[in-house]
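These are my notes from a pass through one model. I looked up helix packing first, then charged pairs, then a few single residues.

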Amino acid sequence: MGENRKKERARKCGFKVYLFPEERVILETKAQVARMTKSDLIREFILYGEVRPSNRAIMSDENFKALVYEVSKIGSNVNMIAYNSNLKHSTGREEIELLKKEYYELLALYTEAFLLPIDEEDGDEEEL
């Protein structure tokens with residue numbers, strides 16, 4: 001009966017994953033360190049691993065939209081400064097100060113959107 005049970009539990013569902021070469025090296029290294037096959041490592045992850053939120057959703061995030069807007073605004077100002085510089089052979093201090101201000105706003109938006117960690121649920125979780 002033990003042999004029959006093994007046939008019932010045989011894994012029959014396969015899938016293909018396409019990786020970058022560096023991702024393949026990481027998978028192979030992690031499997032080797034864990035002394036598992038790559039398949040066993042992936043199964044272990046599926047059953048017991050955690051998934052971190054992806055940054056792919058950032059495209060619809062309001063911070064990203066604000067960042068794109070600021071970059072566009074700065075690009076317009078750089079073009080205006082270049083135009084005025086070529087026309088007058090000089091660039092005004094006010095224009096440069098405005099550009100600096102917008103750069104710092106852009107940097108703040110970038111930091112908020114991409115560098116700050118994603119908040120966990122306000123620390124209300126109980127430790128097990």
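Entry 1, a helix pair. I began with the residues that join α2 to α3: R24, L27, E28, K30, A31 and A34 in α2 meet K38, L41 and I42 in α3. Contact here is heavy atoms within 4.5 Å. Sorted by class, this contact has five nonpolar, no polar and four charged residues. The classes I used put Ala, Val, Leu, Ile, Met, Phe, Trp, Tyr, Cys and Pro under nonpolar, Asp, Glu, Lys and Arg under charged, and the others, Gly among them, under polar.

Entry 2, provenance. The model is predicted; local features need pLDDT of at least 70, side-chain atom pairs count only at pLDDT 80 or more, and totals for chains, interfaces and linings use all residues. Residues are numbered from 1 along each chain as its sequence is written, and side-chain values use heavy atoms, with hydrogens and water left out.

Entry 3, geometry of the pair. Two packed helices are described by the angle between their axes and the distance between the axes. I looked up both values for α2, residues 21–34, and α3, residues 38–48: the axes come within 9 Å and cross at roughly 90°. That makes α2 roughly perpendicular to α3. The label depends on the angle: under 35 degrees is roughly parallel, over 145 roughly antiparallel, 65 to 115 roughly perpendicular, and the rest oblique. The axes are lines fitted to C-alpha atoms, for helices over the stretch in contact, and angles run from 0 to 180 degrees between N-to-C directions.

Entry 4, the chain as a whole. I counted five helices and zero strands, in the order α-α-α-α-α along the sequence. Helices (H or I, at least four residues) and strands (E, at least two) are DSSP runs, numbered from the N terminus. The chain has 128 residues, and 12% of them count as buried. Buried is under 20% relative accessible area, exposed is over 50%, and partly exposed lies in between, with a 1.4 Å probe and protein chains only. The exposed surface of the chain is about 12,200 Å², of which carbon and sulfur atoms supply 55%. Areas come from the Shrake-Rupley method with a 1.4 Å probe; for residues, only the protein chains shown count as cover. I also looked up contact range: among contacts between residues at least 6 apart in sequence, 49% join residues at least 24 apart.

Entry 5, salt bridges. The rule is a side-chain nitrogen of Lys or Arg within 4 Å of a carboxyl oxygen of Asp or Glu. By this rule I get six. I wrote down three, including one between E28 and R24, with the closest N and O atoms 2.8 Å apart. Both residues lie in α2, four residues apart, about one turn of the helix. E28 is partly exposed at 31% relative accessible area, and R24 is partly exposed at 47%.

E28 also bridges to K38, where the closest N and O atoms are 3.8 Å apart. E28 lies in α2 and K38 in α3, so the pair ties together parts that are 10 residues apart in sequence. K38 is partly exposed at 35%.

D40 and R43 form another salt bridge, with a closest N to O distance of 2.6 Å. The two lie in α3, three residues apart, about one turn of the helix. D40 is partly exposed at 36%, and R43 is partly exposed at 28%. Shared partners join R24, E28 and K38 into one network of salt bridges.

Entry 6, acidic residues in α5. Is E102 buried or exposed? E102 is buried, with a relative accessible area of 6%. E102 sits in α5, residues 93–115. Not counting residues up to four places away in sequence, E102 touches E70, K73, I74 and N77.

E95 lies in α5 too, and counts as buried at 16% relative accessibility. With neighbours within four places left aside, E95 is in contact with I81 and N84. I also noted the C-alpha separation of E95 and M80, which is 8.7 Å for residues 15 apart along the chain.

Entry 7, a backbone check. Where does R35 lie? R35 is in the loop between α2 and α3. R35 has a positive phi of about 55° although it is not a glycine. R35 is exposed, with a relative accessible area of 80%.
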